[in-house]
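Here is a short briefing to read alongside the model. Take a look at the fold, and then we can go through it topic by topic.

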Amino acid sequence: MLASLIGPATDLIGKFVEDKDQKNKLAHEIATMAERHAQELAKGQLAVNAEEAKHKNIFVSGWRPFIGWTCGIALMAHFLLFPSADVITAYLGYPPVAYPAFDMDSLMTILLGMLGLGGMRSFEKYKKLTK
C-alpha cells in the first residue's frame, strides 16, 4: 500500500520544492521509508525470537522443535512410510490403501524455511559469531 503512495508523494514534492537536490533527497527518503520500517519490524521479531528461545518452559521455547519434528514426520510419512506400505500391501496381495493427501507446497515452504534458519545458525556457530 505504501509503495502505491510513493509516486504521487514524489510528484507533490516536485510541485512544492524548488531545489533539485532537496527534491531528490526527499523523494529518496519517501521511497526508502517502507524498507526501513520493514527492517525495524524484522529486527523486533528477531529480538522476540531470541528471548523465546532462551525460555526454560517448553511451551514457550519448544514450538520451534515441535514444528521441525512435525514437518520431518510428515515428510517421512509422505516419502518413506506410505510408499513402503504400498509395496508391502501389494506384496501381500491386499488392495492399495488410500492415504491422506498432503499439501506438500505448504509443508515444503515451512520445512525449507526452517532448514535455512538452521543452516544460518550452524554457519554462525562455525564462524564463532555466537556462543
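How much area does the protein chain expose, and what share of it do carbon and sulfur atoms supply? The protein chain exposes about 10800 Å², and carbon and sulfur atoms account for 68% of that; accessible areas come from the Shrake-Rupley method with a 1.4 Å probe, and for residues only the protein chains shown count as cover. Please keep in mind that this is a predicted model, in which local features need pLDDT of at least 70, side-chain atom pairs count only at pLDDT 80 or more, and totals for chains, interfaces and linings use all residues. Residues are numbered from 1 along each chain as its sequence is written, and side-chain values use heavy atoms, with hydrogens and water left out.

**Confidence**
- The average pLDDT (the predictor's confidence in each residue, from 0 to 100) of the protein chain is 77, and 79% of the residues score at least 70.
- Confidence is highest in H4, at a mean of 87, and lowest in helix H3 (residues 58-61), at 62.
- Where pLDDT is low, the predicted coordinates should not be read in detail.

**Fold and burial**
- The protein chain has five helices and zero strands; helices (H or I, at least four residues) and strands (E, at least two) are DSSP runs, numbered from the N terminus.
- Of its 131 residues, 10% count as buried (under 20% relative accessible area; exposed is over 50% and partly exposed in between, with a 1.4 Å probe and protein chains only).
- Among contacts (heavy atoms within 4.5 Å) between residues at least 6 apart in sequence, 40% join residues at least 24 apart.

**Nonpolar core**
- The largest nonpolar core (buried Ala, Val, Leu, Ile, Met, Phe, Trp, Tyr and Cys residues joined through side-chain atoms within 4.5 Å) consists of five residues: Cys71, Ala74, Met104, Leu107 and Leu111.
- H4 and H5 each supply at least two residues of this core, and the largest share, three residues, comes from H5.
- Leucine 107 touches Cys71, Ala74 and Leu75, leaving aside residues up to four places away in sequence.

**Aromatic pair**
- There is one aromatic pair in the structure (ring centres within 6.5 Å, using the six-membered ring of Trp; planes under 30 degrees apart are stacked, over 60 edge-to-face and the rest tilted).
- Phenylalanine 82 and tyrosine 99 are stacked, at 4.2 Å centre to centre with 10 degrees between the planes.
- Phenylalanine 82 lies in helix H4 (residues 63-92) and tyrosine 99 in the loop between H4 and helix H5 (104-126), so the pair ties together parts 17 residues apart in sequence.
- Tyrosine 99 is partly exposed, at a relative accessible area of 27%.

**Threonine 89**
- Threonine 89 sits in helix H4 and counts as buried at 16% relative accessibility.
- Threonine 89 touches Tyr94, Pro95 and Val97, not counting residues up to four places away in sequence.
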